[in-house]
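Thanks for coming, everyone. I would like to take a few minutes on one model, and I will keep to what can be computed from its atoms.

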Amino acid sequence: MRSSYADLLGGLVFSIVLVYLLIVVNFQSWTDPFIIITALPAALAGIVLFLFLTHTTLSVPALMGAIMCMGVATANSILVVSFANIRLDEHGDAIRAAVEAGATRFRPVLMTALAMIIGMVPMALGLGDGGEQNAPLGRAVIGGLLCATVATLLFVPCVYALIHGSGKSERMRMEKQLVEEHA
């Protein structure tokens, strides 16, 4: 059991690092992937909290559910950050871009998370013969996604506005200054 726990915890850490590096390649930036993975600590906290509240022990199925939850939480954060980047390029205001991304992507993020949560409810209930064996997987996914969704819709846009706010406004001010000097 100890080697299974160690391997799955290692797999969880490896999956987070691998996802981060893949997003770095995709976005060609180190900051946007960092913004994206800021929702993952909330997912981990949600997993631990939900397992605690349901009196479920940390087990191999729970760790597999944690790995599944990381993937969905990352995908939802990518939706928000990608849209915020598009809006930032259009008007140059990071705070406005973050607010628009959170508002516009609210429904798709919520639908994705709710589909996964509702799909895991029968498993989390652990009804039927042998149902309690996979119940920790469902409970881990539900708890992680509840917290990760809130973090994706509230915390990720705030981090985006903080990180992109100062750099983009400085760049826009310098561009205006160059245009005024050459005019």
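I will go through the nonpolar cores, then the cysteines, then an aromatic pair, and finish with one helix.

Please keep in mind throughout that this is a predicted model.

Let me begin with the interior, where the largest nonpolar core is made up of 23 residues, and where Ile47, Met70 and Leu145 are the residues with the most contacts inside it. Which helices supply at least two residues each of this core? They are α1, spanning 2–27, α3, spanning 40–53, α4, spanning 60–91, α6, spanning 106–125, and α7, spanning 131–182. If we take Leu145 and set aside residues up to four places away in sequence, we find that it touches Cys69, Val72, Ala73, Ala113, Met116 and Ile117. Apart from the largest core there lies another one, of 21 residues, which includes Phe27, Ala39, Val109 and Val159. As general background, nonpolar side chains in soluble globular proteins tend to be buried together.

Cys69, one of the residues touched by Leu145, brings me to the cysteines. How many disulfides are there? With a cut-off of 2.5 Å between cysteine sulfur atoms, the count comes to zero. For Cys69, the nearest cysteine sulfur belongs to Cys147 and is 9.0 Å away, while for Cys158 the nearest is again that of Cys147, at 16 Å. As to their surroundings, Cys69 has a relative accessibility of 0% and therefore counts as buried, whereas Cys158, at 47%, counts as partly exposed.

Turning to the aromatic rings, a search of the whole structure gives one pair. The partners are Tyr20 and Trp30, whose ring centres are 6.1 Å apart and whose planes stand at 40 degrees, so the pair is classed as tilted. Tyr20 sits in helix α1 and Trp30 in the loop between α1 and α2, ten residues apart. Is each partner buried or exposed? Tyr20, with 18% relative accessibility, counts as buried, but I would add the caution that the cut-off is 20%; Trp30, with 57%, counts as exposed.

Finally, I would like to look at helix α5, which covers residues 94–104 and whose buried residues are Ala94, Ala97, Ala98, Glu100, Ala101 and Gly102. At the start of this helix, a side-chain oxygen of Asp93 comes to within 3.4 Å of the backbone nitrogen of Ile95.

That is where I will stop, and I am happy to take questions.

Terms used. Residues numbered from 1 in each chain as written. Predicted model: local features only at pLDDT ≥ 70, side-chain atom pairs only at ≥ 80, totals over all residues. Heavy atoms only, no water. Buried < 20%, exposed > 50% of the residue type's maximum accessible area, 1.4 Å probe, protein only. Helix = DSSP H or I, 4+ residues; strand = E, 2+ residues; numbered from the N terminus. Polar contact = N/O pair within 3.5 Å; in protein donor to acceptor, adjacent residues only side chain to side chain. Core = buried A, V, L, I, M, F, W, Y, C linked by side-chain atoms within 4.5 Å. Contact = heavy atoms within 4.5 Å. Phe/Tyr/Trp six-rings, centres within 6.5 Å; stacked < 30°, edge-to-face > 60°.
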